[in-house]
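User: I'm new to this one and would love a close look at a single part rather than a quick tour. Could you pick a spot, explain your terms as you go, and then show me what surrounds it?
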Amino acid sequence: MSENQKVIEIEVLRYHPEKDNEPYQQVFEVPFTDDMSVLQGVQYIKDYLDGSLSFRWSCRMAICGSCGMMINGIPSLSCQTFLRDYYPARVRVEALAHFPIERDLVIGLEGFIEKLESIQPYIIPKEARTLAQGEYLQTPEQLGAYEQFSSCINCLLCYAACPQFGLNPSFIGPAATALLHRYNVDSRDGGKAERMELINSEQGVFNCTAVGYCSEVCPKGVDPANAVNQNKTNSAADYFLRFLAPKGGAK
Amino acid sequence: MSKRRPYVRSMDGWWRKNPFFVEYMIHEGTALFVAAYAGVLLTGLWRLSQGEAAWSAWLTALRNPWYIGFHLVALAAIGYHTYTWFKIMPRTMPPVIVGGQRLPGWVITAGGLAAAAVASLGLLALVWGMAR
């Protein structure tokens with residue numbers, strides 16, 4: 001360590017289920033350079049200060065969606081948040097809010113994975129086509145209808161930004177609804193009626209009170225609040241139009 | 001046996017933990033002033049239905065400094081509510097396509113605020129004209 005090596009304090013919320021009754025703060029002093037991300041800071045802790053620190057990460061370039069954490073209380077990808085922006089103050093790192101803490105910075109994902117499965121995040125073809133008939137064609141306008149929603153990387157920052165999900169974890173939530181919407185508005189898809197049952201359900205879009213923070217924290221420029229709120233309109237239309245054209249139901 | 005024991009953090013005081021949530025709560029809170037002002041107008045209508053004396057008594061009551069103070073506070077609160085309402089509006093709407101391009105959010109917000117301003121000034125001019 002050179003003389004002018006800068007050292008930043010990283011405060012981590014620790015929790016080991018086999019020995020801790022509840023989480024507690026632990027402060028580490030981490031030498032850093034200006035190009036180091038918060039993720040590299042916690043990697044330094046694991047490599048040199050405390051090997052028992054647990055966290056998820058993979059790509060280091062904001063595409064895998066594994067390294068989401070609360071950084072000074074803001075849901076962030078730790079790989080694209082830099083220590084230099086906090087120095088000389090201390091930086092606080094905590095597992096993503098609104099999810100159960102499995103261990104240290106690792107959250108329980110089961111709830112979200114179940115939701116992701118439930119929305120059928122794949123194209124349910126509107127019309128069956130054989131290989132001989134060739135590919136499905138789509139115009140740029142048809143692509144534009146869903147493109148931004150397809151950028152979701154399932155990092156769950158939007159859930160950590162959604163107080164309604166925190167208060168009611170059964171709410172299907174921002175990312176799953178954005179992905180659901182991505183398929184519903186795809187011109188090749190014919191699964192809308194099935195997915196609307198989820199939108200209309202107790203777990204559906206009406207849990208949202210338009211806080212809008214989900215869209216603010218999204219690292220990929222997706223607007224999940226827009227997907228949720230457009231589906232409030234769709235759900236209301238479903239409700240009233242059933243008198244004219246009976247179809248579908250609600251789960 | 002599994003050593004898993006997921007820890008669920010409390011949501012107590014959630015809205016104080018982030019400035020964005022504080023702003024959201026203020027925005028939602030100012031809706032109470034919108035409701036209160038609807039109450040004021042309905043009271044006026046009710047007093048009008050009771051005849052001229054009741055109506056005049058209500059008009060006199062409105063001149064009470066406390067009532068005028070309430071009006072100023074309500075004006076500020078409803079103004080803030082209007083601003084934050086239109087700020088979130090682009091997120092709540094289906095995309096508006098103009099000339100093949102999606103209309104940017106700020107245009108929708110600006111349009112909403114302009115419509116609110118025009119409606120308020122129009123109403124003011126109408127009432128002003130009737131009062132003269």
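Analyst: Two strands pair if DSSP finds at least two bridges between them. Strands (E, at least two residues) and helices (H or I, at least four) are DSSP runs, numbered from the N terminus. This is a predicted model, where local features need pLDDT of at least 70 and side-chain atom pairs count only at pLDDT 80 or more, while totals for chains, interfaces and linings use all residues. Residues are numbered from 1 along each chain as its sequence is written, with chains lettered from A and ligands numbered from 1 in the order in which they are written.

Let's settle on strand 3 of chain A, residues 68-71. Strand 3 of chain A pairs with strand 4 of chain A over four bridges, in the antiparallel sense. M70(A) has P75(A) across from it in strand 4 of chain A. These two strands form a hairpin with two residues between them, and there N72(A) takes a positive phi near 50 degrees.

Strand 3 of chain A has a second partner: two bridges tie it to strand 5 of chain A, again antiparallel. Here M70(A) turns up once more, this time opposite E94(A) in strand 5 of chain A. Strand 5 of chain A (residues 91-94) also joins strand 1 of chain A (residues 6-14), through three bridges, and those two run parallel. One pair to look for there is E11(A), whose bridge partner in strand 5 of chain A is R92(A).

Now for the side chains of strand 3 of chain A. G68(A) and M70(A) point one way, M69(A) and I71(A) point the other way, and all of them are buried. Buried takes 20 or more other C-beta atoms within 10 Å of a residue's own, exposed takes 12 or fewer, and partly exposed is in between, with C-beta atoms placed from the backbone.

What else packs around here? Helix 1 of chain A, residues 38-49, is worth a look: its twelve residues reach 15 Å from the first C-alpha to the last, close to the 16 Å expected at 1.5 Å a residue (that span is 1.5 Å times one less than the number of residues). Its buried residues are V38(A), L39(A), Q40(A), G41(A), V42(A) and I45(A). The cover over them includes strand 3 of chain A, along with strand 1, strand 2 (24-32) and strand 5 of chain A.

Strand 1 of chain A also holds I8(A). I8(A) has 20 other C-beta atoms within 10 Å, so it counts as buried. Beyond its neighbours within four places in sequence, I8(A) is in contact with V30(A), F32(A), L83(A), Y86(A), Y87(A) and V91(A). (Contact means two C-beta atoms, placed from the backbone, within 7 Å.) As for Q80(A), it sits 72 residues from I8(A) in sequence and 17 Å away in space, C-alpha to C-alpha.

Let's zoom out from strand 3 of chain A. Chain A is assigned domain 1 (6-107) and domain 2 (110-241), with bounds that come from an automatic or database domain assignment. Their C-alpha centres are 30 Å apart. Where the two touch, domain 1 of chain A supplies 14 residues and domain 2 of chain A supplies 13. On the domain 1 side, our strand 3 is one of the elements giving two or more residues, together with strand 4 (74-77) of chain A. Strand 4 of chain A makes the largest share of that side, with three residues. By type, the domain 1 side has nine nonpolar residues, five polar and no charged; Ala, Val, Leu, Ile, Met, Phe, Trp, Tyr, Cys and Pro count as nonpolar, Asp, Glu, Lys and Arg as charged, and the others, Gly among them, as polar.

For a contrast, try T139(A), in the loop between helix 2 (110-118) and helix 3 (140-144) of chain A. T139(A) is exposed because just 9 other C-beta atoms lie within 10 Å. The C-alpha of T139(A) is 9.3 Å from that of S187(A), 48 residues away along the chain.

Finally, chain A touches chain B too: 24 residues of chain A are in contact with 18 of chain B. On the chain B side, helix 1 (19-49) and helix 3 (65-92) of chain B are the elements that give two or more residues. That chain B side comes to eleven nonpolar, two polar and five charged residues.
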